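Visitor: I would like to take a close look at a single part of this protein, and I would be glad if you could go through it slowly with me.

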Amino acid sequence: ADQEAAAEAAAPVGELGALPGMALPAAQVLASLRVRLLELNPALAADAARSGFVVDDQCLARYLVMSNGYFTASTAQGTASTEGPGSGGGRGRPKPSVPKRRISGPASSSSSSSFSSSPSSSSSSSSSAPAPASAPASAGGGQCAAELLCATVAWRCEQRVGRLERRELAAAALQLSLYVHGFDMLGRPVVLFTPSSEGACPVDLAVQWLVYTLDRAMLLGESGAGGQRATQFTWIIDFSKVGVPPLRTIKASMAVIGQHYPCRAGAMLLVHGGSMMHWVWRALKPLVPPQTQRKLRVVSTKEELGGALTEVVPPSQLELRFHGGQNPHTFDPETYLQGYAPVDPSKYESSNAAYLKGGNHGHRI
């Protein structure tokens, strides 16, 4: 699964040939998808830029994967194949369904700092074309992918992603041990999460901090700070401080990751869970996309002692609290937020606009 994830992350979209369920070449599919996006929201470039969201080939491909199911690049034919039930071959991978939920148009700036996993049906932009009422559960190709991407942009605008003040983030940082530190063997940023007991941190604050952390991980990965450019990140979730598992927080977090960060998880390691991990996983499994389930591993104490974590993360990048870790880092919210500033939309809008009009294929600021 790790090798497949690395291949997915590294393969240029143009080399994927026909995308899943599509008879057209990838370039034609993406061109049609750009047209559909602008039909749904003519102001998409500006709305995305307000929250630091980059629209490019890889972004569109991730939403096509989300709406169409798992696919791989064929080295022999240069084409991709769906491998869900009834595909007539492959390895029998399940085909994930698109979430059945209402899709709203991009929202205007909201003064509320409360976060939720999906956009409000009551807010819409006056400059936007109305989006369809719902995303069909059957993977409706590019149209469904466009609706899902527009929903993410609407949600980010509504929740003021990238535009929160430092004091708002600091309030969440003091209550939740969730941060980015270090890189794995593939240069992907490592996101470390140490949940505490249920009720220790309000769910809206937890999700607010989660979104900031994931955006920070994406920027780090795409900057090449880990030695190579990475579009995914690795999770280590440490249950050592959990009394009553914070299932509401974890469920809300999984919903955000599944709907608004598709194909971003490269690996997910659950450690120090003991006997409770069995029923925690039973509660969470329905919320985790099939692609992510294949990348998730519950690491036992014996496996950790055997080097399961250092196979994924170099010892120099792994904190001392994990067996084999050599990094003395401890999380300090004040230090972590030094230099934070809200997103500057001008850094993103021109690139997004050029790409959506077809003149810029995947260039990033």
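In which loop is arginine 160 found, and what can be said about this residue and the parts around it?

Guide: Please keep in mind that this is a predicted model. Arginine 160 is found in the loop between helix H5, which covers 141–158, and helix H6. With a relative accessible area of 12%, arginine 160 is under the 20% limit and therefore counts as buried. Its backbone is also worth a look, since phi of arginine 160 is near 60°, a positive value in a residue other than glycine.

Following the chain onward, we come to helix H6, which is made up of residues 166–173 and has Glu168, Leu169, Ala170, Ala172 and Ala173 as its buried residues. These buried residues of H6 pack against two other helices, H7 and H12.

Those two helices are also joined by a pair of rings, for tyrosine 212 lies in helix H7 (residues 203–222) and tyrosine 336 in helix H12 (residues 333–336), so the pair ties together parts that are 124 residues apart in sequence. The ring centres of tyrosine 212 and tyrosine 336 are 6.4 Å apart and their planes stand at 85°, so this pair is edge-to-face. Both tyrosine 212 and tyrosine 336 are buried.

Tyrosine 336 takes part in a further edge-to-face pair, this one with phenylalanine 331, where the distance is 5.2 Å from centre to centre and the angle between the planes is 75°. If we ask how far these two residues are covered, tyrosine 336 has 9% relative accessibility and so counts as buried, whereas phenylalanine 331, at 21%, counts as partly exposed. The limit for being buried is under 20%, which is why phenylalanine 331 does not fall into that class.

A charged residue belongs in this picture as well, because arginine 216 lies over the face of tyrosine 336, at 3.7 Å from the ring centre. Stepping back a little, we can see that Tyr179, Trp209, Tyr212, Phe331, Tyr336 and Tyr340 form one aromatic cluster. To bring the two ends of our walk together, the loop that holds arginine 160 leads from H5 to H6, and the buried residues of H6 pack against H7 and H12, the helices in which tyrosine 212 and tyrosine 336 lie.

Methods:
Residues are numbered from 1 along each chain as its sequence is written. This is a predicted model: local features need pLDDT of at least 70, side-chain atom pairs count only at pLDDT 80 or more; totals for chains, interfaces and linings use all residues. Side-chain values use heavy atoms; hydrogens and water are left out. Rings of Phe, Tyr and Trp (its six-membered ring) pair if their centres lie within 6.5 Å; planes under 30 degrees apart count as stacked, over 60 as edge-to-face and the rest as tilted. Helices (H or I, at least four residues) and strands (E, at least two) are DSSP runs, numbered from the N terminus. Buried means under 20% relative accessible area, exposed over 50%, partly exposed in between (1.4 Å probe, protein chains only). A charge sits over a ring if NZ of Lys or CZ of Arg is within 6 Å of the ring centre and within 35 degrees of the ring normal. Contact means heavy atoms within 4.5 Å.
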